[in-house]
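Okay, thanks for coming, everyone. Let me put the thing up on the screen, and then I'll walk you through some strands and an interface.

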Amino acid sequence: MLILTRKFNEEIKIGSDITVKVLSISDGQVKLGITAPNNVEIFRGEIYEKVKQTIIEASLSSKEKLADLSKINLNKIRKITD
Amino acid sequence: MQIKTNQFGILEFDSNIIIKFESGIFGFEQLRDYLLIKVDTDVLFWLNSIDEPEIAFPMIGLRLIDEGYPQEIEHEAFGIVNMNPEILKITVNLKAPVYINQTNKSGYQKILDSDKYPVKFNLFKE
């Protein structure tokens, strides 16, 4: 692991096309601005881990014997979006 | 080609129906080639790995759950389902949709940057 110390407004370049900039620092929180090409996916680490874990569980539980789901009511979302 | 699946036994198919995931599925990045299986009597789709046929993901079309779910051009959005012997504990992942283009046989997965979509949303209700 490379450890770099940066101040407010300073940047880190990762390769030629990814830039991470320190936008603000305040009690225990740092705000970063990331510029990267569209094909580079950027995730919060803990969310990526949670998604990955859920999908690994899904692949394991896919071996369960199938129940007949055809007569059960789907839990539809009326309006989850704004 | 043929693979031996957990749920459906041995399936034979032409290689031109293989769906390619260039970046794989989160947690299974090394697996790129999948078979999309639909049984007409069931609401679920199955995304079954071809390289490791014991790996499969049950999925549901997210339009069925949420008409306002984020769509992508020419792709269909699916949610990976976590099965459970107790039907009411079956959940669907709304946070990390799988988008599939059945015309050009390609797909990719996203993580939505919104707290509105949980990784485990109850699929059924009483």
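So, to kick off: which residue in β3(A) does A:Ile25 stand opposite? Look across the strands and you'll land on A:Val30. Before I go on, please keep in mind that this is a predicted model.

Now, the strands around that pair. A:Ile25 and A:Val30 face each other where β2(A) runs antiparallel to β3(A), residues 29-35, and seven bridges join those two. They make a hairpin with two residues between the strands, and A:Gly28 there has a positive phi near 75 degrees.

Go back along the chain and there's another hairpin, this time β1(A) with β2(A), with three residues between them. The glycine to look at in that turn is A:Gly15, with a positive phi of about 65 degrees. Here we're talking residues 11-14 against residues 18-26, antiparallel, with four bridges. If you want to check the register, A:Glu11 has A:Lys21 as its bridge partner, and A:Ile12 sits opposite A:Val20.

Okay, over to chain B. On the chain A side 29 residues are in contact, and they meet 34 residues of chain B. Two elements of chain A give two or more residues each to that side, α1 (45-61) and β4 (73-74). The largest share is from α1(A), with 12 residues. By class, that side of chain A has 14 nonpolar residues, eight polar and seven charged.

And β4(A) pairs across the chains: two bridges link it, antiparallel, to β12(B), residues 124-125. A:Asn73 has B:Lys125 as its bridge partner there. That's my tour, over to you.

Key. Residues are numbered from 1 along each chain as its sequence is written. Chains are lettered from A and ligands numbered from 1 in the order in which they are written. This is a predicted model: local features need pLDDT of at least 70, side-chain atom pairs count only at pLDDT 80 or more; totals for chains, interfaces and linings use all residues. Two strands pair if DSSP finds at least two bridges between them. Two residues are in contact if their C-beta atoms, placed from the backbone, lie within 7 Å. Ala, Val, Leu, Ile, Met, Phe, Trp, Tyr, Cys and Pro count as nonpolar, Asp, Glu, Lys and Arg as charged, and the others, Gly among them, as polar.
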